[in-house]
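Dear colleague,

I am passing on a structure that I would like you to look over before we talk about it. The sequence and the coordinates come first, and my notes on what was found follow below.

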Amino acid sequence: MLLSLFLKHNVLNFQIAHTLVYFKAGAHHTALPPPAASSTLQLNGTMSLTSILSADAIDSAIKDCQVPESFNHKKFFQLCGLSKKNPQEIRTVFGILDNDGSGFIEEDELKFFLQRFSSGARVLTDKETKTLLSAADDDGDGKIGAEEFQAMVLS
Ligand SMILES: [Ca+2]
Ligand SMILES: [Ca+2]
């Protein structure tokens, strides 16, 4: 008798919970953006570049500048596909390159620019690092801000 009461109680609870889940699922469907969009925002900064750029495109961009002093940022951004991405995606890539989250890509982060795209890639030479910095650093503060990065990628 007690057992059957207990079971009945649980079945009732289950039904209530089930109804709530349905209600919530319905609300989600109309009120919230698709899950993919919100998880992209949450992962901003820690996500991998391969969620924005294809691994093949990154590969060919890295291969193209394997030889020291051969790095050309315009060619690189075209080959890896970044120059065709939307402002939000370019902003996400900026966040990944800004490894310490300072809001800027500093010279010591630029040196490892290629390795952010592919961990096995070479570091940029001092000359390449300075050329890349001056290509983007419009206000001359010695580091690349998000808007400067955007302008360089789209130039
Ligand atoms: Ca930084
Ligand atoms: Ca700057």
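**Notes on the model**

UniProt, in an unreviewed entry, places the feature "binding site" at Ser 102; UniProt positions are given in the numbering used here, feature names are shortened, and annotations may be inferred rather than shown by experiment. This is a predicted model, in which local features need pLDDT of at least 70 and side-chain atom pairs count only at pLDDT 80 or more, whereas totals for chains, interfaces and linings use all residues. Residues are numbered from 1 along each chain as its sequence is written, and chains are lettered from A and ligands numbered from 1 in the order in which they are written.

Ser 102 is found in the loop between α5 (87–97) and α6 (107–110), where helices (H or I, at least four residues) and strands (E, at least two) are DSSP runs numbered from the N terminus. Ser 102 counts as exposed because it has 10 other C-beta atoms within 10 Å; the cut-offs are 20 or more for buried, 12 or fewer for exposed, and partly exposed in between, with C-beta atoms placed from the backbone.

The secondary structure of the protein chain comes to 9 helices and 0 strands, and 19% of its 155 residues count as buried. Of the contacts in the chain with a separation of 6 or more, 51% are accounted for by residues 24 or more positions apart, a contact being two residues whose C-beta atoms, placed from the backbone, lie within 7 Å.

In α5, the helix that precedes the loop of Ser 102, the residues Ile 90, Thr 92, Val 93 and Phe 94 are buried, and what covers the buried residues of α5 includes α9 (146–154). The axes of these two helices (lines fitted to C-alpha atoms over the stretch in contact, with angles from 0 to 180 degrees between N-to-C directions) come within 10 Å and cross at roughly 120°. The contact is made by Pro 87, Ile 90, Arg 91 and Phe 94 of α5 and by Ala 146, Phe 149, Gln 150 and Val 153 of α9.

Phe 149 appears again elsewhere: leaving aside its neighbours within four places in sequence, Phe 149 is in contact with Phe 94, Ile 105, Ala 136 and Ile 144. In the largest nonpolar core, a set of buried Ala, Val, Leu, Ile, Met, Phe, Trp, Tyr and Cys residues joined through C-beta atoms within 7 Å, Phe 76, Cys 80, Leu 82 and Phe 149 touch the most other members out of 24 residues.

With best wishes
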